[in-house]
Amino acid sequence: MRIHQRLSAFLSICLLALLLGLQADPAQAHGKTNVEPKIGILLVTFGTSVPEARKAYATIESKVKAAYPGVELRWAYTSRQIRHKVATEEGLRNASPAGALGRMLDDGFTHVAVQSLHVIPGQEFNDLTAIVAAFGSMPKSFERIVLGPPLLSGPEAMQALAKAVLASVPGLGNREALVLVGHGTHHLASAFYPAMQYYLQQESERAFVGTIESSPSMQDVLADLAKRKIAKAYLVPFLTVAGDHARNDIAGNEPDSWKSQLKAKGIACQPVMRGLAEDPAVVDIWVDQLGLSLKALRDEPKDNG
Ligand code: CO
């Protein structure tokens, strides 16, 4: 009995010592470096040179901070031209996506959720994808980096967006229409604009999508409005922020603006000077997307051995 008791006491001490030893240096026991995970968010947008339009960014920032408290948030502008203009005119330096990520690496971030605040997965998003992939594969980089898609990422997002945009204007009467005016692109993602019109028209037959620079064009939209004998249109920028394009190309007083051209056809026009990022219901789509990315960062198995 006594021998058994001593042996069992001895074994208990050995086990305890072993456990304490493992606890003292779990990193070494698992063959990993002992780096505390540091998670960050990088919000990436095209950028705007219109200071007042930047209030849209404040809306996003406050919603993201409220949804994911304690996670540090940074910004980057994809447009080099806008970064340059804002730097020379206002003395404000904005980071490029690569610059911001390099800085986050230096500041000890280990896990980063990059969120595109673009509208369609066009050229800007394409470039961002390549930058994130480069950071994901280079040596001594983040342990993990994920990229969230832009607003029009698929059918569910487009359905949610259609509902949000229609809810942002008064109920449409028989001869009233909603016209979403997007930027337009020659990138193959141009097809997202007519796709968006399809989902909008599931909600309202008098909702149309046009673009400033490509297809569907203003002429396409004017033809649709004439066919439906529309007398009044709400012009809503299909842009992240209501910057230069919204103020001039859509709602400007120049004869070639959307507002002027619709008026010339006898259609009363009510421009809505608000970027998508100022609409809380739209911002929720981006915020939810970010939630999926943060979950993906945290769910990643930390160790295979
Ligand atoms: Co432009």
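Helices, taken as H or I runs of at least four residues, and strands, taken as E runs of at least two, are DSSP runs numbered from the N terminus. The views below are close-ups of a predicted model.

**View 1. A salt bridge within helix α12 joins K295 and D299.** The side chains of K295 and D299 meet at 2.8 Å, N to O, in a salt bridge. Because these two residues stand four apart in helix α12, which spans residues 280-299, about one helical turn separates K295 from D299. The pair belongs to a structure that holds 13 salt bridges.

**View 2. A network of salt bridges links E72, R74, R103 and D107.** Within this group, the side chain of E72 meets that of R74 in a salt bridge of 3.0 Å, N to O, while D107 and R103 are joined through their side chains at 3.8 Å, again N to O. Salt bridges with shared partners connect the four residues E72, R74, R103 and D107 into one network. As for the surroundings of these side chains, E72 has a relative accessibility of 36% and therefore counts as partly exposed. D107, at 29%, is likewise classed as partly exposed, whereas R103 reaches 53% relative accessibility and so counts as exposed.

**View 3. Four strands form an open sheet with parallel pairing.** The order of the strands across this sheet is β6-β5-β7-β8. Its edges are formed by β6, residues 207-211, and by β8, residues 268-271, each of which pairs on one side only. From one strand to the next, the twist averages 25°.

**View 4. Strands β5 and β6 pair in the parallel sense.** Five bridges connect β5, which comprises residues 176-182, with its partner β6. At one position along this pairing, V179 stands opposite F208, the latter being a residue of β6. In general, the strands of a sheet pair through backbone hydrogen bonds, and they do so in either a parallel or an antiparallel manner.

**View 5. Helices α8 and α9 are shown with the strands against which they lie.** Helix α8, made up of residues 192-203, packs on the sheet and touches β5, β6 and β7, the last of these strands covering residues 232-238. The direction of helix α8 makes about 165° with that of β6. Helix α9, which covers residues 218-227, lies across β5 and β6, and the angle at which helix α9 runs to β6 is about 160°.

Methods: Residues are numbered from 1 along each chain as its sequence is written. This is a predicted model: local features need pLDDT of at least 70, side-chain atom pairs count only at pLDDT 80 or more; totals for chains, interfaces and linings use all residues. Side-chain values use heavy atoms; hydrogens and water are left out. Two strands pair if DSSP finds at least two bridges between them. Axes are lines fitted to C-alpha atoms, for helices over the stretch in contact, and angles run from 0 to 180 degrees between N-to-C directions. Contact means heavy atoms within 4.5 Å. Buried means under 20% relative accessible area, exposed over 50%, partly exposed in between (1.4 Å probe, protein chains only).
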